[in-house]
Amino acid sequence: MSGFKSLELSQGWQFRDASDSSLEAWRSVRNVPTVVHLDLIQHSVIPDPFVGMNELQVQWVGERDWIYRVEFVSPKLEAGQRCDLLFEGLDTIASVKLNGEPILKSDNMFITHRVDITKHLVPGSGNVMTLDILFESALLCGRERVKQHPEHRFITHQTEAGRSSVRKAGYHWGWDWGPILMTAGPWRPVRLETYTARVEDVWVESEVSQDLKSCRGRLKAQVSESSGCTIHFKILLLSRVLFESEVNATGDGFAETEFVIEDPALWYPRGYGRQDLHEICVKLIDNNHEVQHEVSKLTGFRSVELVQEKDQHGQSFFFRINGIDTFAGGSCWIPGDSFLPRMTPDKYRKWLELLLEGNQNMIRIWGGGIFEPSAFYSTCDELGILVWQDFMFACASYPTYPSFLSSIEEEARVNVKHLRHHPSIVIYAGSNEDYQIQEKYHLDYNFETDKDPQSWLKSTFPARYIYEYLLPKVVEEESPATPYHPTSPWGGGKHSSDPTIGDIHQWNIWHGTMLPYQNFPEVGGRFVSEFGMEAFPHRATIEKFIEDEDEMYPQSLTMDFHNKARDHERRLGTYILENFRVKSDFQSYVHLSQIAQADAMKFAYQGWRRQWGHGRLCGGALVWQLNDCWPTTSWAVVDYYLRKKPAFYVISRTLKPIAVGVSRAHKEWTSGHAKPAESTRYELWAVTSHLKPIRAMLSLRFISIQTGADVQPEVSYEVVLVPNGTTEIASGDLSLKETDAFVLTATLSVDGQIISRDLDWPQPYKYLSFRDRGLEVKYLSAENVLSITARKPVKGLVFEETDGIWLQDNGIDIVPGYKQIIAVRGIRSSSDIPCWTYIGDDSL
């Protein structure tokens, strides 16, 4: 008997507009997976929608139906064998025919379909089979479904109401950071598989003892054929067998076995321990003792708790991994491209390695995107990155008619099963901001008294049934050890902005009341899972989407078109105008926007991480957003081309394992009758994620911005840092009368080596003079570093990020008496140093 064989059908495809049935309409497809826009670009039918305003020229693509076709040779089957077509992802409204006979209909982009085509094969071998997939317009389908369901009030933020009726990535309809590009096509692999029997699923349910000395659990497998079959289970660590067992499958193809591992090698998030991964290997052996199919998965053993306990601040919200309280400092993730087949495993790795470079330990997969491919989660497992996984619902009141609920349940079950072996996934959340829709439109919701799921279906907020009944039921049945959270943000049925419970999205800075970004530390919550500040990308990225030099200015039509946020110019302009002396040239404006974003991130991450040590007041901070799906101006701290904005580096500095912080009280200067403050209060502290006390030396200087001289003597403190928390070092009042404006400069040293520094400037910068800084940048070839010094304090030194050059740090402040050293790659001489500027740079 022959074993399992799988052939990816990636070559030989054609496609055409479904309305054009002529032979000439067929065009070749370079490769599957694909989507129609990529194939139309390949044939020069449409321009690159990422350039200029070309997005407008390709809207017709999403309004058409498209057909994809491939021919393959019918496999020769032996007695007892079957043949399947496996569709790992069809985008989205798809009808599949084999030799003209319907074999599948799908209207859910997130579901994998397996179709038995054995009876469709022509006996023998060498016969050519024709596979056709019709992709109908998801855009038009959504509009039609809204008409078909007048019983539901379709409230859908971000472009079209029909978005919430179609199980397709929400961002394809356009978002406030992304274009409207309604893709269609076989967006994930299509495979032809033959077998007699196969392993359908392998999973493990385990529990680590409280003392971490043992791990016990059950290995489980589901197989397609159990007659006379045995299942061989094995657990390996670095090729060493830790456990193995052989059992017979039950009549319905299920097999399980118990295991115990003493002194287990555990999986930890980065910075807290090793990321040991165990291989779970399962073999399906027939009654002739032949292996028919073998499947292995890598998993990690660890305990995870979402700690939500009453405390002096309300109710906590933080993660405890293997008994260790873990501050989650990280980012929110949107799909990495508008055209998903472009996202290769290598590209995912580059993105996720940025988190390590940036000292981040969590990524939140946002609910308007996709369940990411295996390569994403496997890389997170390997690198020790915690994953917050939203289900795919965002910013809408979703319908709950029976066929829709059925599709959602299948989608949830398929994806939780697919993901449950990944130790990096530590939480599932039901949706993104859907309860804010409930609040804004006053939809029915009584958390305390209405506990009947059937009544929710009859309310004006029927999607509550999805988030508080259907999805938690699926998670409990398929991945019971993983915490579930009804939505983000959410806190025990209270208002989503309640800072004392659950997680919050803090958008009163940028959106809402547009508070000063200096207020970030005061407007946090128990876990801040969204917040942000926009910034322009680097010029090298702007040049990718602006071809007309006349459009190369901040307020140009093309620049506005490549910023999808509502009121973006008004909001970004306000934050720049309130804080900086405004220059109108393009490079200066780009730079000011980036420093505004960087400073905002410093106030947020530094303040909230400090609160971690104050009774776990804040359990985590996830910036909106890490990345972009196209070249644009947005809240991303790294742009589409993986060019890092200064904010990325600021986050990295604030999330170092040991970091010093210094701040002063900033008097509001935009209120009426504002006058200069006569005094201020400063505070000095240090934070650490290390689990043992650390002896450190801290110093604090007070440096004149005008002269570069110290306005009062330096003070030093020798302290022992509190493990996994905050150590408050010093505080005091400072007179601002008859003294130069000064910058507070703090350093933290361990064993005589400065490992962290922080500066606090008077606010706003527009009141300060930055003339004649005496800044000097040198390239030291022997050490392959940049050496930077200044005679007077320098704010916001930014090197242009360009291809082929890597910088260890950027967006930095320089003060006299310290030489800043930045490791670099790609620089061979002083002439290779990227262009740079700083606040008040008179050379621009």
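Hi everyone, this is a short tour of one helix, one sheet and one pocket in the structure above. Please keep in mind that the model is predicted.

Let's start with helix 2, which covers residues 138-148. Which of its residues are buried? They are A138, L139, C141, G142 and R145. Looking down the axis of helix 2, you would see those buried residues fall within an arc of 160°, so they line one face of the helix. And what do they pack against? Their partners are strand 6, residues 93-98, and strand 9, residues 128-136. Do have a look at the N-terminal end of helix 2 as well, where S137 acts as the cap. A side-chain oxygen of S137 sits 3.4 Å from the backbone nitrogen of L139.

Now on to the sheet. Here 4 strands make an open sheet, ordered 40-41-45-43, with antiparallel pairing. The edges are strand 40 (776-780) and strand 43 (806-807), and each of these pairs on one side only. Between strand 40 and strand 41, residues 785-789, there are 5 bridges. If you'd like one to find on your screen, Y779 has L786 in strand 41 as its bridge partner.

Last stop, the second largest pocket, with a volume of about 1000 Å³. It is lined by 38 residues, and those closest to its centre are H157, E433, Q436, W507 and H511. Which elements give two or more residues to this lining? Those are helix 6 (434-440) and strand 30 (504-505). Helix 6 gives the most, with 4 residues.

That's my tour, thanks for listening!

How values were computed: Residues numbered from 1 in each chain as written. Predicted model: local features only at pLDDT ≥ 70, side-chain atom pairs only at ≥ 80, totals over all residues. Heavy atoms only, no water. Buried < 20%, exposed > 50% of the residue type's maximum accessible area, 1.4 Å probe, protein only. Arc of directions from axis to C-beta. Contact = heavy atoms within 4.5 Å. Polar contact = N/O pair within 3.5 Å; in protein donor to acceptor, adjacent residues only side chain to side chain. Pairing = 2+ DSSP bridges. 1 Å grid on protein atoms, 1.4 Å probe; cavity = no way out; pocket = protein on both sides within 12 Å on 5 of 7 lines; lining within 4 Å. Points joined across faces, edges and corners; volume = space filled by probe spheres on them.
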